[in-house]
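The following note sets out numbered points for a colleague who is examining this model. It begins with the relation between chains and then turns to the fold and to individual residues.

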4 protein chains.
Amino acid sequence: MPRHSLTITPRFYETDALGHINNASIAAWFEVARITFLESLLASTPGIAPNWVLASLKIDFIAETFYGTDVIATVTDATAGNSSLTVCCEMLQGGKLTVRGTAVLVHLDAVTKQPSRIPESLRERLAAVNQY
Amino acid sequence: MPRHSLTITPRFYETDALGHINNASIAAWFEVARITFLESLLASTPGIAPNWVLASLKIDFIAETFYGTDVIATVTDATAGNSSLTVCCEMLQGGKLTVRGTAVLVHLDAVTKQPSRIPESLRERLAAVNQY
Amino acid sequence: MPRHSLTITPRFYETDALGHINNASIAAWFEVARITFLESLLASTPGIAPNWVLASLKIDFIAETFYGTDVIATVTDATAGNSSLTVCCEMLQGGKLTVRGTAVLVHLDAVTKQPSRIPESLRERLAAVNQY
Amino acid sequence: MPRHSLTITPRFYETDALGHINNASIAAWFEVARITFLESLLASTPGIAPNWVLASLKIDFIAETFYGTDVIATVTDATAGNSSLTVCCEMLQGGKLTVRGTAVLVHLDAVTKQPSRIPESLRERLAAVNQY
């Protein structure tokens, strides 16, 4: 399984009066990156329900992001704990690293909605992702 | 019942690179104005379920809206058709008219989710609002 | 020149608690459609500065838009008045018409920032667009 | 100087299809909290230009935030390094801690736009804030 990457074309309304993309829009892009990553993972792991909550978010703004040039967001690492999944993401614009993000998600039991151990089948998929 | 007004303090992330509030943020503010209007109306009309869908939206941008000064959004008219409710809103910033909006909402039956006649009790409340 | 179309992949954060895409997100998508339309037009019309303000916005919500299926937004008409440009857009999801929008933009003089007649070179480009 | 607090009334469009406030909206609220904090600080410190960039953002989602109940966002700490300012914020909804955020801002020289030492006058204001 190759690394999960997606192209984000900055939208004009995502800029702010400082003339660059606002930090809250970048937090929103990070959600797009990790949700599409999880969707691609789950699509190849039948029977794993999509029950996740976001526990924490860390974003480093390495350089400004601007309107007018596509951004490539790549999930660079995804590490499973017991019920948690730590997803790392990098965003590049014009080949330059602009954003590095880390999100911690918690896997919930589909019925009880309580944290529950990430199933083995998903762990195997994650191991395959991280070989790249 | 007095006119429904609310104060919106523009947020920095609602600006765009043109240095003013982006039009999509103003569409979002209009939702705040009409939902809080409906909530205030329904709060005084027990038994009317909050089942509305937005059928159309019209916004005239009379003047630019800027960061740094509060906006007053007022529902200036609310007229019931059979199942539709047309809500008009004006926004002023620093006493100057900046936005005029009209939204058409459709009242749905709580069970069938089909358009259904706006109940008499709500019509009476609307009539009271429009006396102002 | 072919019709201007773009594909919008709905993002999870663009949904609201009613389980569909929120109307303010659709207003934002409409901005993406008309700005990329104008950019494509101006790219082929050297010397026309990108000086436009949004005068009004009208959106009809024909059907709900959901997360999980791409939306195709197409500029179906663009008609120049003296200084105004009326841009019509349709959005389809899974082949079904969900949104119809009309925006009126005003062309500003690059220096005075006052409304100014849309240049002939741009009118010719618009005529070519509307033949489709 | 008392602690900086502000009341945020959740807006319906800030919810997502999971029925709670989306994490990107909470990142946006955090911007409101720290910008209004800085504005209040600078208002009482004449001559300090508002030149800050966001270097990093960390948000812990302690509990879900819902539509329908006000959120109180409080800046709980603000510590100056050389050119950096670390701002901590807590959000409570209905008296319950829901969000804890930390942002690192960098003070820029108004002319060179390079990181520059936070002026003494602002450090004194910060010291006063942190006594609470």
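1. For what follows, copies are superposed by least squares on the C-alpha atoms of residues with pLDDT of at least 70 in both. The model is a predicted one. Two copies of a chain are related by a rotation about an axis and a shift along it. On this basis, a turn of 180° with a shift of 0.0 Å along the axis lays chain C on chain B, and the RMSD is 0.0 Å. The C-alpha of C:Lys58 comes closest to this rotation axis among the residues of chain C, at 2.1 Å. The surface used is the same in both copies, since 100% of the contact residues of chain C recur in chain B.

2. What turn and shift lay chain C on chain D? The operation is a turn of 180° with a shift of 0.0 Å along the axis, and it gives an RMSD of 0.0 Å. This is the relation of a two-fold axis. In chain C the C-alpha nearest that axis belongs to C:Asp16, 1.9 Å away from it. Of the interface residues of chain C, 100% are also interface residues in chain D, so these copies meet through the same surface.

3. The fold may be described on chain A, whose secondary structure comprises 2 helices and 5 strands. Read from the N terminus, the order of elements is β-α-β-β-β-β-α. The radius of gyration of chain A is 16 Å, close to the 14 Å given by the globule rule for 132 residues, so chain A is as compact as a globular protein of that length. Its C-alpha trace spans about 45 × 30 × 20 Å along the principal axes.

4. Packing and surface of chain A can be summarised as follows. Of its 132 residues, 52% are buried. When contacts between residues at least 6 apart in sequence are considered, 66% of them join residues at least 24 apart. Chain A exposes about 5,600 Å², of which carbon and sulfur atoms supply 56%. Chain A carries 10 positive and 12 negative charges, and the mean positions of the two sets are 4 Å apart.

5. Is B:Asn23 buried or exposed? It counts as buried, because its relative accessibility is 9% and the cut-off for burial is under 20%. B:Asn23 lies in helix H1 of chain B, which covers residues 23-43. Apart from neighbours within four places in sequence, B:Asn23 is in contact with B:Phe61 and with several residues of chain C, namely C:Ala27, C:Glu31, C:Arg34, C:Leu54 and C:Leu57.

6. B:Thr65 is located in the loop between strand E2 (52-61) and strand E3 (71-80) of chain B. Although it is a loop residue, B:Thr65 counts as buried, at 2% relative accessibility. Which residues does B:Thr65 contact, leaving aside its neighbours within four places in sequence? They are B:His20, B:Ile21, B:Ile26, B:Trp29, B:Val71, B:Gln93, B:Thr98 and B:Val99. One of these partners, B:Ile21, is 44 residues away along the chain, yet its C-alpha and that of B:Thr65 are separated by 5.5 Å.

7. The loop between strand E5 (96-107) and helix H2 (120-130) of chain B contains B:Pro115. With a relative accessible area of 52%, B:Pro115 is exposed, because the threshold for that class is over 50%. Not counting residues up to four places away in sequence, B:Pro115 touches B:Ser83, B:Val106, B:His107 and B:Leu108. The C-alpha atoms of B:Pro115 and B:Ser83 are separated by 6.0 Å, although the two residues are 32 apart along the chain.

8. The backbone at Lys113 deserves inspection in chains A and B. In chain A, A:Lys113 has phi near 60°, a positive value in a residue other than glycine. This residue is found in the loop between strand E5 (96-107) and helix H2 (120-130) of chain A, and at 47% relative accessibility A:Lys113 counts as partly exposed. In chain B, phi of B:Lys113 is likewise near 60°, positive in a residue other than glycine. B:Lys113 lies in the loop between E5 and H2 of chain B, and its relative accessibility of 47% makes it partly exposed.

How values were computed
Residues are numbered from 1 along each chain as its sequence is written. Chains are lettered from A and ligands numbered from 1 in the order in which they are written. This is a predicted model: local features need pLDDT of at least 70, side-chain atom pairs count only at pLDDT 80 or more; totals for chains, interfaces and linings use all residues. Side-chain values use heavy atoms; hydrogens and water are left out. Contact means heavy atoms within 4.5 Å. Helices (H or I, at least four residues) and strands (E, at least two) are DSSP runs, numbered from the N terminus. The radius of gyration is taken over C-alpha atoms; the globule rule is 2.2 Å times the number of residues to the power 0.38. Buried means under 20% relative accessible area, exposed over 50%, partly exposed in between (1.4 Å probe, protein chains only). Accessible areas come from the Shrake-Rupley method with a 1.4 Å probe; for residues, only the protein chains shown count as cover. Lys and Arg count as positive and Asp and Glu as negative; His and the chain ends are not counted. The place of a charge is taken as NZ of Lys, CZ of Arg, CG of Asp or CD of Glu.
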